[in-house]
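Here is a short walk through a structure you can follow in your own viewer. Open the model, get your selection tool ready, and take the stops in order.

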Amino acid sequence: MVNINPNGLLPKRIAVTGGAGFVGSHLCEALIARGHEVLCIDNFYTGARTNVQHLLGHPRFELMRHDITFPLYIEVDEIYNLACPASPVHYQFDPVQTLKTSVIGAINTLGLAKRLRVPVLQASTSEVYGDPEVHPQTEDYWGNVNPIGPRSCYDEGKRCAETLFFDYHRQHGLGIKVVRIFNTYGPRMHPNDGRVVSNFIVQALRGEDITIFGDGSQTRSFCYVDDLVRGLIAMMESPAEVVGPFNLGNPSEFTIRQLAEAVIRLTGTKARLVEKPLPQDDPKQRKPDISKAETQLGWQPAIALEEGLTRTIAYFDTLLAGGMDAPHL
Ligand code: NAD
Ligand code: UDP
Ligand code: UDP
């Protein structure tokens, strides 16, 4: 079969673990649009076939049901490792499985990359900084993570995965790429995954109370998914000596109350704000310093919160109206 290659790049066969999740499905789509072949690997723990349904008939897309805590023998030219539940509600549901996915999943992914001698990208997280005492967060900050709290399965799992990536790099000369992703939102977030953007939009569209945890003064910086996916691809396509870690996120910082007010304004809902208890170890502030990604990858986000929220609200509006298949859990 002739490869269609809109970008003039050599087409590659690329594995995306967690490819049926929120970010992964957008990444698969973008890689196919760039002319590559994509092998999406997912156990559908938090992702769903519906997220990649539109790609299923595509000649350069393949979907494989597999749990990355088990070894995987495939032949590919590049690997993006995204498999891991990302929302606090999901990753705390089965903390041991979350740790296994991050740690054993990283070992299997790295073992695969080592056998094939191909580059591998790790989707790490701003959670490696924990409840940060340095603001905005720079990559050289080592973080403030509780090793035994309810968020530790995710935070420490991702920290250990970063260690594994850098040890495989130093010990085996593996080509690694590590990015620390900050709060990302957009279409195909799971409506029940408990993350703040999907919660607020779904509550607003249903006219239900909008649940602010704590007094809403904690901050986050929200990146629209298309911007993040551009950053992931820019990182993978950067020269071999560029290994990271790089922060990828939108540095515009908002309080959670400001986010709620923006969702209320954009949906025109009559829903009320209600305060609920703040979860344990909830970081008080978060904002990426993205100067490294800007200078070394030429990357910066382009979509402002208002525009991204408008697109995401349109998605959930159609989903809730029954206009598309809902992802199941
Ligand atoms: P998501 O839950 O929508 O996607 C994760 C995907 O991984 C799902 O499809 C799930 O089924 C799959 N998965 C989980 N465990 C698996 C296993 N053992 N084997 C195979 N597949 C498995 O989450 P997301 O928001 O798309 O996050 C994707 C990646 O980005 C994650 O690694 C996450 O830690 C990272 N990240 C995301 C954000 C964000 O704000 N979205 C922020 C920081 C980091
Ligand atoms: N692995 C895999 N696919 C491969 C090669 C390795 O899943 O193509 C797994 C393998 O099960 C191993 C892990 O990756 O447990 C780490 O591999 P590595 O070569 O680093 O370690 P070793 O095989 O020596 O334990
Ligand atoms: N949050 C909230 N209401 C919700 C869900 C979350 O106020 O319905 C808060 C949460 O306590 C945190 C912030 O929003 O301070 C971001 O939460 P999310 O779970 O999206 O991601 P986190 O950055 O905490 O991993």
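Start by selecting residues 95-116, which form helix 3, together with residues 152-172, which form helix 4. In this predicted model, the axes of the two helices come within 8 Å and cross at roughly 15 degrees. With angles under 35 degrees counting as roughly parallel, helix 3 and helix 4 are therefore roughly parallel to each other. The crossing of this pair is right-handed.

Now show the side chains where the two helices meet. On helix 3, pick Pro95, Thr98, Leu99, Ser102, Val103, Ala106, Ile107, Leu110 and Lys114. Their partners on helix 4 are Cys153, Tyr154, Gly157, Lys158, Cys160, Ala161, Leu164, Phe165, Tyr168 and His172. Colour the contact by class and you will find 13 nonpolar, four polar and two charged residues.

Keep Ile107 and Lys114 selected, since both also belong to the surroundings of ligand 2. The rest of that shell is Pro71, Leu72, Tyr73, Asn108, Gly111, Leu112 and Arg115. How do the residues around ligand 2 divide by class? Five are nonpolar, two polar and two charged.

Next, move to ligand 1. Here 29 residues surround the ligand, and the closest are Gly18, Gly21, Thr46, Gly47 and Ala86. Which elements give two or more residues to this shell? They are helix 1 (22-33), helix 3 and strand 5 (120-125). Helix 1 gives the most, with three residues. By class, the shell around ligand 1 has 13 nonpolar, 14 polar and two charged residues.

For another helix pair, select residues 196-206 for helix 5 and residues 256-267 for helix 7. Their axes come within 10 Å and cross at roughly 35 degrees, and this crossing is right-handed. Light up Val196, Phe200, Ile201, Ala204 and Leu205 on helix 5. Across from them, helix 7 brings Ile256, Leu259, Ala260, Val263, Ile264 and Thr267 to the contact. What classes of residue make up this contact? It has 10 nonpolar residues, one polar and no charged.

Last, colour the protein chain by confidence. Its pLDDT averages 95, and 95% of the residues score at least 70. Where pLDDT is low, the predicted coordinates should not be read in detail. For the model as a whole, the scores are ipTM 0.98 and pTM 0.96.

Conventions
Residues are numbered from 1 along each chain as its sequence is written. Chains are lettered from A and ligands numbered from 1 in the order in which they are written. This is a predicted model: local features need pLDDT of at least 70, side-chain atom pairs count only at pLDDT 80 or more; totals for chains, interfaces and linings use all residues. pLDDT is the predictor's confidence in each residue, from 0 to 100. A residue is near a molecule or strand if its C-beta atom, placed from the backbone, lies within 6 Å of it. Ala, Val, Leu, Ile, Met, Phe, Trp, Tyr, Cys and Pro count as nonpolar, Asp, Glu, Lys and Arg as charged, and the others, Gly among them, as polar. Axes are lines fitted to C-alpha atoms, for helices over the stretch in contact, and angles run from 0 to 180 degrees between N-to-C directions. Helices (H or I, at least four residues) and strands (E, at least two) are DSSP runs, numbered from the N terminus. Angles under 35 degrees count as roughly parallel, over 145 as roughly antiparallel, 65 to 115 as roughly perpendicular and the rest as oblique. A crossing is left-handed if the near helix is turned anticlockwise from the far one by less than a right angle, and right-handed if clockwise. Two residues are in contact if their C-beta atoms, placed from the backbone, lie within 7 Å.
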